[in-house]
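Work through the exercises below with the sequence and the structure at hand. Each task is followed by a worked solution.

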Amino acid sequence: MLSNNIYVSILCLATGTAAAALDAYNVDPNYVSVSGLSSGGFMAAQLAIAHSDTFSTGFGVFAGGPFDCARAQTYTTCMNNMKPSITAPTANMKSWSGNKIADVSNLKDRKVYMQVGSVDTTVGPSVMEQLRQQLSKFVNESNTAYITTQGAAHTFPTDFDGSGNSPCSMALSPYVSNCGYDGAGAVLKWIYGSLNARNPGPSTGQFISFEQQSSYGAAGMDTTGYLYVPTSCVDGSTVCKLHVALHGCLQSHDKVGTKFIDNTGYNKWADTNNIIILFPQAVTDNSLHTIWGGMLLPNTNACWDWVGWYGQDADQKGGVQIAAIVNQVKQIISGYQSKK
């Protein structure tokens with residue numbers, strides 16, 4: 001049975017009850033991190049590199065690819081288990097450092113986690129290996145974890161069965177699968193170190209829908225985002241951490257409801273470790289946009305922008321989606337009460 005507060009929270013998400021204004025919480029700015037799957041993995045790397053001063057703890061990439069991968073080559077080269085070039089993207093990181101993106105020297109001490117399924121053909125191990133090679137030029141090797149999950153397709157890996165999940169060996173909606181591997185726990189433990197055991201039962205915190213509009217929204221983003229706040233983080237008496245969890249293509253709320261939010265396992269770890277989880281939302285966009293390289297392409301799968309749909313600066317500080325998510329983060333951590 002779901003507890004009453006969880007039932008009400010899920011009901012509100014499902015029925016589209018009016019979202020609230022995004023609140024501030026007692027979150028230590030030194031404990032902010034991000035991870036994501038697929039386009040969310042690309043975006044996680046973009047956020048963590050463009051704003052390495054904001055995401056000061058680290059980041060995780062599940063089945064994503066190199067930073068700036070699609071700018072100098074056809075975006076499909078950054079998918080389909082191909083081997084994209086990282087020469088121009090890496091040069092851009094260096095030339096943009098301290099200007100269009102934060103200083104790349106910040107990355108040296110960031111904790112970086114990468115995971116890919118061995119039978120992932122949507123993005124694939126070859127693409128992820130190029131990300132690893134790219135980051136090796138900036139991040140200390142001892143701070144990097146690289147995991148290949150045997151038998152896993154293009155999916156977010158868990159070690160428990162979630163309602164409506166797809167088989168681990170198949171890339172099917174909702175792209176969350178019991179692969180015998182706790183991806184959420186692995187990325188959070190790599191970034192934050194030793195954690196308390198996760199909550200084995202129903203979530204006990206608050207699910208909050210917030211207005212993802214104005215400075216908290218952008219082109220290609222839905223009007224509502226979601227936040228999971230553990231009970232310990234609600235009243236401000238506890239200093240908490242913040243992790244941003246980015247869905248992949250075809251995993252947005254308008255595609256799969258709350259399955260990415262409910263089934264990935266982030267909230268189980270949040271409950272017992274004072275971690276607020278932010279779930280920004282992309283949205284289906286059937287309009288044609290000129291992406292990097294000049295091709296016209298719609299965003300029908302509600303992907304995060306890693307190809308230039310919404311501007312030439314999509315992976316830089318000026319990128320509209322990057323700016324919106326960073327504004328969400330800054331609002332949440334604005335309630336920090338430093339210990340005196």
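**Exercise 1.** Find the distance between the side chains of Asp68 and Arg71, and decide whether Asp68 is buried or exposed.

Solution. The model is predicted. Step one: an N atom and an O atom of the Asp68 and Arg71 side chains lie 2.7 Å apart, and the pair forms a salt bridge. The cut-off for such a pair is 4 Å. Step two: Asp68 has a relative accessibility of 2%. Buried means under 20%, so Asp68 counts as buried. Step three: the pair belongs to a network of salt bridges that links Asp68, Arg71 and Asp315.

**Exercise 2.** Locate Arg132 and Glu129 in their helix and state how far apart they are in the chain.

Solution. Step one: both residues sit in helix α4, which covers residues 125-135. Step two: they are three residues apart, so about one helical turn separates them. Step three: their closest N and O atoms are 2.8 Å apart, in a salt bridge. Step four: Arg132 has a relative accessible area of 32% and is partly exposed; Glu129, at 24%, is also partly exposed.

**Exercise 3.** Which parts of the chain does the salt bridge between Arg198 and Asp159 tie together?

Solution. Step one: the side chains of Arg198 and Asp159 meet at 2.9 Å, N to O. Step two: Arg198 lies in the loop between α5 (183-192) and β7 (206-211), while Asp159 lies in the loop between β5 (156-158) and β6 (176-178). Step three: the pair therefore ties together parts that are 39 residues apart in sequence. Step four: Arg198 is partly exposed at 23% relative accessibility, and Asp159 is partly exposed at 32%.

**Exercise 4.** How many salt bridges does the count give?

Solution. The count is five.

Notes: Residues numbered from 1 in each chain as written. Predicted model: local features only at pLDDT ≥ 70, side-chain atom pairs only at ≥ 80, totals over all residues. Heavy atoms only, no water. Buried < 20%, exposed > 50% of the residue type's maximum accessible area, 1.4 Å probe, protein only. Helix = DSSP H or I, 4+ residues; strand = E, 2+ residues; numbered from the N terminus.
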